[in-house]
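Me: I would like a close look at a single part of this model, taken slowly and with the contacts spelled out. Please keep to what the coordinates support.

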Amino acid sequence: MRLVLLGPPGAGKGTQAQRLVAKHGLLQLSTGEMLRAAVEAGTSIGMRAKEMMARGELVPDDVVVAIVSERIDEPDARKGFILDGFPRTVPQAHALDRMLKEKGLKLDAVIELKVDEAALLKRIKKRVAEMKARRETLREDDDPEVLRRRLLAYRDQTAPLAAYYQLESVLHSVDGMAPIPQVSSAIDRVLREALTKKAAARPRRADGAGRAQAGKTAKGSKTKAKTAKSGRSRAVGQKLARRKTGRGQRLTKRR
Ligand code: AMP
């Protein structure tokens with residue numbers, strides 16, 4: 001399974017991604033986490049990203065595209081992954097499409113956590129205040145003004161991705177304001193649907209084993225009927241083609 005979790009900061013993408021990691025053994029690829037690790041380690045990428053992240057701005061596309069591409073190539077990503085916080089711009093979505101195509105991979109679903117921005121801002125501010133009261137370490141960008149800017153960046157640059165993925169028929173929207181277990185169940189339903197779709201799109205085996213298997217399912221009789229119908233259509237088509245050829249010959253003769 002290869003998924004994208006879409007949603008503004010504080011929508012619960014991280015929480016849901018961690019649950020999916022535990023339940024399905026997928027790898028969580030959070031560009032925010034990767035960038036924070038790079039900043040901490042003082043790598044050249046980290047040094048480039050540090051100031052922009054502290055201001056709540058997006059890091060240049062080429063930086064994030066490169067780190068995601070490298071990470072996807074690692075063996076632990078083979079079973080599948082959840083992209084959390086990437087893509088965040090339309091050019092990043094194009095880059096992801098190209099990157100996956102080159103690697104012979106495809107996205108199975110994009111799950112958008114839909115939230116009410118005003119309620120979200122309140123929720124985040126409350127969480128920050130509680131963390132401060134508990135004297136927990138806050139992220140540099142966990143500041144109300146920076147959060148407002150991160151939400152604006154989401155609205156301007158990331159929200160248009162929903163329309164992009166809708167056109168690609170992989171978008172599923174889930175109510176992100178619902179209680180966490182409800183959001184999780186909604187995501188599970190989306191994944192079941194995506195898996196069924198993926199299984200149906202899988203090419204049939206040349207030895208007909210796939211067809212034999214399909215015959216055992218409830219849809220089997222429908223499949224057989226379709227096969228018979230397509231056989232009939234083929235015969236009718238051939239008959240028409242013969243007639244056409246005959247007429248064609250007659251026309252030629254008349255001339
Ligand atoms: P996050 O933890 O996903 O909220 O990301 C924290 C910060 O990292 C963002 O505010 C951006 O500065 C940067 N960042 C994370 N992912 C991306 C991305 N895909 N494109 C650009 N900047 C990103």
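Which helix gives the largest share of the shell around the ligand?

Reply: The model is a predicted one, and in it the largest share of the shell around the ligand comes from helix H2, which spans residues 31-41 and contributes four residues. The shell as a whole holds 16 residues, and the closest of them are Thr31, Glu57, Gly85, Gln92 and Arg150. Sorted by class, the residues of this shell divide into six nonpolar, four polar and six charged.

Three of the closest residues can be followed down to individual atoms. Thr31 places a polar side-chain atom 2.8 Å from a nitrogen atom of the ligand, while Gly85 approaches a nitrogen atom of the ligand through a backbone N or O atom, at 2.9 Å. Arg150, by contrast, faces an oxygen atom of the ligand, from which a polar side-chain atom of this residue is separated by 3.0 Å. The ligand taken alone would expose 480 Å², and the protein buries 96% of that area. The space that the ligand takes up is the largest pocket of the model.

Apart from the ligand shell, one further residue can be described in some detail, namely Leu171, which belongs to strand E5, a strand covering residues 171-175. Leu171 has a relative accessible area of 17% and therefore counts as buried, the cut-off being under 20%. Its C-alpha atom is separated by 9.5 Å from that of Asp108, although Leu171 and Asp108 are 63 residues apart along the chain.

Notes:
Residues are numbered from 1 along each chain as its sequence is written. This is a predicted model: local features need pLDDT of at least 70, side-chain atom pairs count only at pLDDT 80 or more; totals for chains, interfaces and linings use all residues. Side-chain values use heavy atoms; hydrogens and water are left out. A residue is near a molecule or strand if one of its heavy atoms lies within 4 Å of it. A polar contact is a pair of N or O atoms within 3.5 Å; within protein, one must be able to donate a hydrogen and the other to accept it, and residues adjacent in sequence count only if both atoms are side-chain atoms. Accessible areas come from the Shrake-Rupley method with a 1.4 Å probe; for residues, only the protein chains shown count as cover. On a 1 Å grid over the protein atoms alone, a cavity is a set of points where a 1.4 Å probe fits but cannot get out, and a pocket is an open set with protein on both sides within 12 Å along at least five of seven lines; lining residues have an atom within 4 Å of a point. A molecule sits in a cavity or pocket if more than half of its atoms lie within 2 Å of its grid points. Helices (H or I, at least four residues) and strands (E, at least two) are DSSP runs, numbered from the N terminus. Ala, Val, Leu, Ile, Met, Phe, Trp, Tyr, Cys and Pro count as nonpolar, Asp, Glu, Lys and Arg as charged, and the others, Gly among them, as polar. Buried means under 20% relative accessible area, exposed over 50%, partly exposed in between (1.4 Å probe, protein chains only).
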